Amino acid sequence: PHMAARAVLAPGLARLQAEHPRIAVELVCSDTLVDIVQDGFDAGVRFGERLQADMVALPVGAPQAFTVVGAPGYLAAHGTPAAPPDLAQHRCIQLRFGSGALYRWQFTRAGRTVDVRTDGAVTVNDSAAALALAEAGLGLAYVYEAQARPALQTGRLRAVLSDWMPPPEHFFLYYPSARMKSAALSALVDAVRATAERPAAE
């Protein structure tokens with residue numbers, strides 16, 4: 001995913017290139033679920049609930065939280081949703097995967113998970129675009145909290161439904177257990193884990 005490339009892989013790749021300058025890496029960003037074996041990739045990064053059982057998976061980076069955000073002007077005009085069913089009365093910026101499926105917004109309350117189908121006039125295929133459109137007042141967006149944090153801190157966006165958001169999730173770096181791990185892949189795994197585990201103060 002694009003967010004994994006920015007938050008997890010970019011620091012790891014910088015370390016890898018510094019320590020092993022002869023290793024060449026091709027990084028493909030896609031929010032579509034990819035079969036890394038069928039498509040010829042050495043490894044992938046995704047959230048844990050989507051991992052196949054025959055993969056070696058290592059949690060990397062800080063857990064990623066999600067948030068629903070809207071611009072102050074939009075919320076003043078349309079109200080603030082208090083619970084997921086209220087989203088039926090709102091313009092929600094849709095996110096479409098490469099498979100063609102629309103993302104169903106996920107919420108959790110009292111141990112129960114609810115997937116909500118939202119509606120809206122604008123559909124994008126990138127969460128950064130959804131965030132920009134929300135900031136422009138076009139509706140509500142379901143995005144990574146880390147992406148939205150600068151706009152939330154300055155008041156350009158406000159978070160809604162905070163009590164309904166699912167717990168943060170780790171990205172996992174994964175690769176096939178049946179395939180012998182190459183020296184280059186071992187070096188990549190070590191570099192990503194080393195940068196992901198580094199304390200924030202460093």
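1. A good place to start is phenylalanine 97: its relative accessibility is 27%, so this residue counts as partly exposed. Please keep in mind as you read on that the model is predicted.

2. Now look at the ring partner. Phenylalanine 97 and tyrosine 103 form an aromatic pair with 5.9 Å from centre to centre. The planes stand at 90°, and the pair is edge-to-face. Tyrosine 103 counts as partly exposed because its relative accessibility is 22%, and the buried class requires a value under 20%.

3. How many aromatic pairs are there by the ring-centre rule? The count comes to 10. One of them joins phenylalanine 66 and tyrosine 142, whose ring centres lie 5.7 Å apart; the planes meet at 35°, so this pair is tilted.

4. It is worth tracing where those two rings sit. Phenylalanine 66 belongs to strand E3 (residues 66-70) and tyrosine 142 to strand E8 (residues 141-144), so their pairing ties together parts that are 76 residues apart in sequence. Buried or exposed, then, for phenylalanine 66 and tyrosine 142? Both residues are buried.

5. The two pairs described so far also have a place in a wider group. Ring pairs link Phe47, Phe66, Phe97, Tyr103, Trp105, Phe107, Tyr142, Tyr144 and Phe171 into a cluster. If you colour these side chains in your viewer, the cluster should be simple to follow.

6. Next come two helices. Helix H1 (residues 2-19) and helix H5 (residues 183-196) have axes that come within 8 Å and cross at roughly 120°. That angle makes H1 oblique to H5. As for handedness, the crossing of H1 and H5 is right-handed.

7. Which residues make this contact? From H1 come Val8, Leu9, Pro11, Gly12, Leu13, Arg15 and Leu16. They meet Ala187, Leu188, Ala191, Val192, Ala194 and Thr195 of H5. Sorted by character, the residues of the H1 contact with H5 comprise 10 nonpolar, 2 polar and 1 charged.

8. Finally, have a look at glutamine 147, which is found in helix H4 (residues 145-154). Its relative accessibility is 14%, so glutamine 147 counts as buried. What does glutamine 147 touch, not counting residues up to four places away in sequence? The answer is Met3, Arg6, Ser127, Ala128 and Leu131. Met3 and Arg6 fall within the residue range 2-19 of helix H1, which brings you back to the helix from point 6.

Key: Residues numbered from 1 in each chain as written. Predicted model: local features only at pLDDT ≥ 70, side-chain atom pairs only at ≥ 80, totals over all residues. Heavy atoms only, no water. Axes fitted to C-alpha atoms, helices over the stretch in contact; angles between N-to-C directions. Helix = DSSP H or I, 4+ residues; strand = E, 2+ residues; numbered from the N terminus. Parallel < 35°, antiparallel > 145°, perpendicular 65-115°, else oblique. Left-handed = near helix turned anticlockwise from the far one by under 90°. Contact = heavy atoms within 4.5 Å. Nonpolar A, V, L, I, M, F, W, Y, C, P; charged D, E, K, R; others polar. Buried < 20%, exposed > 50% of the residue type's maximum accessible area, 1.4 Å probe, protein only. Phe/Tyr/Trp six-rings, centres within 6.5 Å; stacked < 30°, edge-to-face > 60°.
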